[in-house]
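Me: Please take a close look at one part of this structure for me. I would like to follow the charged side chains and how they pair.

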Amino acid sequence: YSNGSVVLDGGRLATLTVARKGPCYDQRCEVAGTLGVVKLDNVRETSVSAEVYDKETREELPEHQFMKRYEVAYARESQLFVSALKCGQVPPTNGNDGKQALRLAIAADRSMKERRVVRMDEIEN
C-alpha cells in the first residue's frame with residue numbers, strides 16, 4: 001500500500017491510498033465532503049454478491065482488461081470529442097488535462113522512490 005495527499009485549488013485536501021498487489025485491477029474511489037460521500041466501485045461482469053453474517057463478503061473480481069472495463073466511458077468520451085469537433089466547439093478535455101495527469105503520476109513516482117513529499121511545483125509544467 002502507499003498513501004498520498006494532494007492539496008487542491010482552494011485548499012481542499014485529497015488523500016489517496018493505492019494497493020498494487022492483488023489478483024485483479026481493483027479501482028475504487030471515494031470522495032467524502034461536508035455534504036456527503038460519492039463512491040465509485042469497480043466494474044464487474046455481474047452485480048451479484050453474497051454476504052453471510054459474521055463472514056466476509058464474496059463478490060466477483062472486477063473486469064481485468066481496461067478496454068472492456070471502461071468500454072462505455074471510452075465510447076462516450078470519443079463521442080463527445082467528435083461531436084465537439086463537428087459542431088465547432090471546444091472538446092471537454094484537451095492535451096493539458098493529459099499533461100497534468102502525467103505530472104501527478106511523475107510526482108507520485110518520485111515521492112515513492114525518494115520517500116518524501118513532492119510538491120507539484122517541483123514537476124515541470
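Reply: Start with Arg116. In this predicted model, Arg116 is partly exposed, with a relative accessible area of 33%. Two partners matter here.

Take Glu114. Arg116 and Glu114 form a salt bridge. Their closest N and O atoms are 2.6 Å apart. That counts as a salt bridge because the cut-off is a side-chain nitrogen of Lys or Arg within 4 Å of a carboxyl oxygen of Asp or Glu. Glu114 is partly exposed, at a relative accessible area of 43%.

Now take Glu122. Arg116 forms a salt bridge with Glu122 as well. Here the closest N and O atoms lie 2.8 Å apart. Glu122 is partly exposed too, with a relative accessible area of 32%.

Put these pieces together. Glu114, Arg116 and Glu122 are linked in a network of salt bridges. Arg116 takes part in the bridge to Glu114 and in the bridge to Glu122. Why can such pairs form? Side chains of opposite charge can pair when their charged atoms come close.

Next, look at another pair. The side chains of Arg119 and Asp121 meet in a salt bridge, with an N to O distance of 3.6 Å. What about their surroundings? Asp121 is exposed, and Arg119 is exposed as well.

Finally, the count. The structure holds four salt bridges. Among them are Glu114 with Arg116, Arg116 with Glu122, and Asp121 with Arg119.

Terms used:
Residues numbered from 1 in each chain as written. Predicted model: local features only at pLDDT ≥ 70, side-chain atom pairs only at ≥ 80, totals over all residues. Heavy atoms only, no water. Buried < 20%, exposed > 50% of the residue type's maximum accessible area, 1.4 Å probe, protein only.
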